[in-house]
Protein chains: 2
Amino acid sequence: MKLDKHSSIPLYAQLRELIVERIQDGEYKQGDRIPSEMQLCKELDLSRPTVRQAISELVSDGILEIHKGRGTYVSTEPERLAIPHFNALSFSFLNLNSYDEIELRPVMLVGPESELDEIFGFTGKHPGYWLAQWPIYYDHQIHGWCSSYIPVSIFPDLGQSISSGKRMVDIKSNKYAFLPTKGSINIIARPARNREAKMLEIPRRSFILVAEGPLFARNGSICEVIRTALRPELIRLEIN
Amino acid sequence: MKLDKHSSIPLYAQLRELIVERIQDGEYKQGDRIPSEMQLCKELDLSRPTVRQAISELVSDGILEIHKGRGTYVSTEPERLAIPHFNALSFSFLNLNSYDEIELRPVMLVGPESELDEIFGFTGKHPGYWLAQWPIYYDHQIHGWCSSYIPVSIFPDLGQSISSGKRMVDIKSNKYAFLPTKGSINIIARPARNREAKMLEIPRRSFILVAEGPLFARNGSICEVIRTALRPELIRLEIN
């Protein structure tokens, strides 16, 4: 990109785009100091107010940062929490070897619910679902919230077993055929529902990443439905 | 959720949340008409202005829609384009059997570029990359934009071959060892870069979904780097 002094686009706007391009092309790297106003004036034959205007817009956009007395720097993106080898079972509750590794909230019984019933293929009356929930914390900050729905008809005592501290290996011991072996989940971005916004500590209706869908047991039936809400700017899903 | 007339939260705000909950619980379904103002007044023992205030806020939030003369309806979410069996090779160029299936833009030669060089592990001088780009169109609307970078050192004639209409099967015929067999890509959500916003026809700095990373050939070397920018509200990645 070259600056065009005869263009109808103001020079400060062209310079703003030029700096953004240089960042995106790696000429100015994250955390690096960019050339001073004087140097940019000289290099590009621009006036000081033009350069100042471009930089001040990029600062208010969060793309550049002024460190007092030291210069102007390219902002660093927040470090993201990687979810390595992400797959359909990554956020499963039943797939855990132990729930000591997560901050499990008290497991709740939730009544038959049309959206879930439809996924599970339940049409008549049934005893409802166990809802297991736990946050994804990293660096003292909430990054996501896992919810897992497990039919009471398949795991009648799950809630009691967990509140009495039964180990996961014992809970699963005679349920081999009903544990998840694969899944079919969707990754979507959508506005947070109110409860999700509260749990993730973000403003109402902010965009979130959601991984949701059914997990299938060896016998082909759906044994678990997951819905994981993720803070989109803090997470990286690694797919191999 | 129950309404609490003694709460410090105004009744219209409580009702707004109650309606959102009923939608989320599937009691009011997408595209369904919700009860009339009169019916809600009666059911919940509320005044008409309270009900009207709650509904008008939900309409301006896009959660409800008023169809003149017919009533108030739950808004339907836009249909999403599913990317079935999404995996690291889903947006690969070299993995295509034919480029007739995509709206390929003219393939460009792009110079050595630090961000890419780092991924490929190129340190010295090298002849650059072929950049293959194509949009993801669905229902006459742009849903995403695929970019694929392929080293000229591995595919010296790719640009010429494509502009002369050589078939993909012939381009790949003696390159068996250099075709992608697996990859390691990241899915992240981040603000669109200016070029991405233009290509996706969305406002500057809107959030987008990005799938990016290296693809590996049989011989272990990186043969392609993909960067796919997706409109987050229009796409659903299916992971099996």
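**Contacts of Arg236(A), the chain interface and the internal pairing of chain A**

In this predicted model, Arg236(A) touches residues of both chains: Arg80(A), Leu81(A), Ala82(A) and Ile83(A) on one side of the list, and Asn186(B), Ile187(B) and Ile188(B) on the other, residues up to four places away in sequence not being counted. Arg236(A) belongs to strand E11 of chain A, which spans residues 235-239. With a relative accessible area of 25%, Arg236(A) is classed as partly exposed, because that class begins where the buried class, under 20%, ends and stops short of the exposed class, over 50%. One of the listed neighbours is also a polar partner: the side chains of Arg236(A) and Asn186(B) are joined by a polar contact of 3.2 Å. By contrast with these neighbours, Glu65(A) lies 24 Å from Arg236(A), C-alpha to C-alpha, at a separation of 171 residues in sequence.

The interface between the two chains was then examined as a whole. In total, 40 residues of chain B are in contact with 40 residues of chain A. The size of an interface is often expressed as the accessible area that is lost when the parts come together. Between chain B and chain A, the buried area is about 3,500 Å², and carbon and sulfur atoms give 43% of it. No salt bridges are counted between chain B and chain A, the number being 0, whereas 10 residue pairs are in polar contact across the two chains, both residues being at pLDDT 80 or more. On chain B, the side that touches chain A draws at least two residues from each of helix H1 (11-24), helix H4 (114-120), strand E8 (185-191), helix H7 (194-200), strand E9 (207-217) and strand E11 (235-239). The largest share of that side, 6 residues, is supplied by E8(B). By class, the side of chain B that touches chain A comprises 14 nonpolar, 9 polar and 17 charged residues.

Strand pairing also crosses between the chains. Strand E8 of chain A (residues 185-191) is joined to E11(B) by 3 bridges, and the two strands run antiparallel. Within this pairing, Ile185(A) has Ile239(B) of E11(B) as its bridge partner.

Within chain A, strand E10 (residues 222-230) is mostly covered, 9 of its 9 residues being buried. E10(A) pairs with two strands described here. With strand E6 of chain A (residues 141-151), the pairing is antiparallel over 6 bridges, and Trp145(A) stands opposite Ala229(A) of E10(A). With strand E9 of chain A (residues 207-217), E10(A) is joined by 8 bridges, again in an antiparallel arrangement, and Gly213(A) stands opposite Ile226(A) of E10(A). E9(A) and E10(A) form a hairpin with 4 residues between them, in whose turn Gly220(A) has a positive phi of about 90 degrees.

A further hairpin is formed by E1(A) and E2(A), with 3 residues between the strands; here Gly69(A) takes a positive phi near 80 degrees. The two strands, E1 (residues 64-67) and E2 (residues 71-74) of chain A, pair in the antiparallel sense over 4 bridges, and His67(A) stands opposite Gly71(A) of E2(A).

His126(A) is situated in the loop between helix H4 (114-120) and strand E5 (129-138) of chain A. Its relative accessibility is 14%, so His126(A) counts as buried. Leaving aside residues up to four places away in sequence, His126(A) touches Pro112(A) and Asp117(A). The side chains of His126(A) and Asp117(A) are in polar contact at 2.9 Å, and the side chain of His126(A) also reaches the backbone nitrogen of Gly128(A) at 3.0 Å.

Side chains of opposite charge can pair when their charged atoms come close. The structure holds 28 salt bridges over all chains. Among them, Arg16(A) meets Glu17(A) with an N to O distance of 3.3 Å and Glu57(A) with an N to O distance of 2.5 Å. Glu57(A) lies in helix H3 (residues 48-60) and Arg16(A) in helix H1 (residues 11-24) of chain A, so this pair ties together parts that are 41 residues apart in sequence. Arg16(A) counts as buried at 13% relative accessibility, and Glu17(A) is likewise buried, whereas Glu57(A), at 21%, counts as partly exposed. In chain B, Arg167(B) forms a salt bridge with Asp170(B), the closest N and O atoms being 3.4 Å apart. Arg167(B) is exposed at 54% relative accessibility, while Asp170(B), at 33%, is partly exposed. Through salt bridges that share partners, Arg16(A), Glu17(A) and Glu57(A) are joined into one network.

How values were computed
Residues are numbered from 1 along each chain as its sequence is written. Chains are lettered from A and ligands numbered from 1 in the order in which they are written. This is a predicted model: local features need pLDDT of at least 70, side-chain atom pairs count only at pLDDT 80 or more; totals for chains, interfaces and linings use all residues. Side-chain values use heavy atoms; hydrogens and water are left out. Contact means heavy atoms within 4.5 Å. Buried area is the accessible area (1.4 Å probe) that two parts lose on being put together, summed over both. A salt bridge is a side-chain nitrogen of Lys or Arg within 4 Å of a carboxyl oxygen of Asp or Glu. A polar contact is a pair of N or O atoms within 3.5 Å; within protein, one must be able to donate a hydrogen and the other to accept it, and residues adjacent in sequence count only if both atoms are side-chain atoms. Ala, Val, Leu, Ile, Met, Phe, Trp, Tyr, Cys and Pro count as nonpolar, Asp, Glu, Lys and Arg as charged, and the others, Gly among them, as polar. Two strands pair if DSSP finds at least two bridges between them. Buried means under 20% relative accessible area, exposed over 50%, partly exposed in between (1.4 Å probe, protein chains only).
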